[in-house]
Amino acid sequence: MAFEPVYNESCTVLIVGTWPSPKSREQGFFYGHPQNRFWKLMARLLDEEMPQSIAAKKDMLLRHRIALWDTIESCTITGASDATIRDVVPTDIRGLLRRAPIRRILCNGATAYRLYEKYNAQPGIEAVKLPSTSPANAAWSMEKLAAEWGRYVN
C-alpha cells in the first residue's frame, strides 16, 4: 500500500523514500517504525516538538514547506529490505512537481536516490542523496545524520 504524498502548493523541498516498511503500512503513514529516526530528525532540524499524530507530522512538514512521498507506487519486496525490491511501478513525482514549486529533492538513502534517478529525475531540480534514517543504517549516529541532513533541511 503506497501512501498519498504530503504536500501543498507552497512546498519547495520534497523528501522521498523508497517504499513503506511493514510497520509504516501497519501504522498508515510514512516512517512508522518506532526505531526509524526520520521524525526525530525532522523535529530536531526544524526546531519543533516531536510530532505524535499523523496530522501533527503533516502539519510540521507543511509549515516548513516540505513535501514527503516515496519513489515507488507498488513493488514486490521481502519484509522491509530495500535490497529485495523488484517489479517497481514508480510514483508520479513529475505530476507532483507540476503542482508544487519543488526546487530540491532529498532522497532518504541510496536506494531512494537510485530509484528517483532511474524513474523520475528532472533536469533543473537538484536531487541529493542523504544517509538513510533507517535503524539499519547504524553507521550514522543522530548527530551525524543531523549534520548531513541539516545542510539541506531548514
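A disulfide here means a pair of cysteine sulfur atoms within 2.5 Å. With that cut-off, this predicted model has zero disulfides. Below is a quick look at the cysteines behind that count, and then at the sheet.

**Cysteines**

- Why does Cys11 form no disulfide? Its closest cysteine sulfur, in Cys107, sits 16 Å away, which is too far for a bond.
- Seen from the other end, Cys107 has Cys11 as its closest cysteine sulfur, again at 16 Å and too far for a bond.
- Are these cysteines buried or exposed? Cys11 is buried, with a relative accessible area of 0%, and Cys107 is buried too, at 0% relative accessibility.

**The sheet as a whole**

- Four strands make up an open sheet, in the order β2-β1-β5-β6, and the pairing is parallel.
- Strands β2 (66-70) and β6 are the edges, each pairing on one side only.
- From one strand to the next, the twist averages 25 degrees.

**Strand pairs up close**

- Strand β1 (residues 13-17) runs parallel to β2, and five bridges link them.
- Which residue stands opposite Val13? That's Ile66, in β2.
- At the other edge, β5 (residues 104-108) and β6 (residues 126-130) are also parallel and are joined by five bridges.
- Arg104 has Glu126 in β6 as its bridge partner.
- To get from β5 to β6, the chain passes through helix α5 (residues 110-119), giving a right-handed β-α-β crossover.

Terms used. Residues numbered from 1 in each chain as written. Predicted model: local features only at pLDDT ≥ 70, side-chain atom pairs only at ≥ 80, totals over all residues. Heavy atoms only, no water. Buried < 20%, exposed > 50% of the residue type's maximum accessible area, 1.4 Å probe, protein only. Pairing = 2+ DSSP bridges. Helix = DSSP H or I, 4+ residues; strand = E, 2+ residues; numbered from the N terminus. Right-handed = clockwise from strand over helix to strand, strands pointing away. Axes fitted to C-alpha atoms, helices over the stretch in contact; angles between N-to-C directions.
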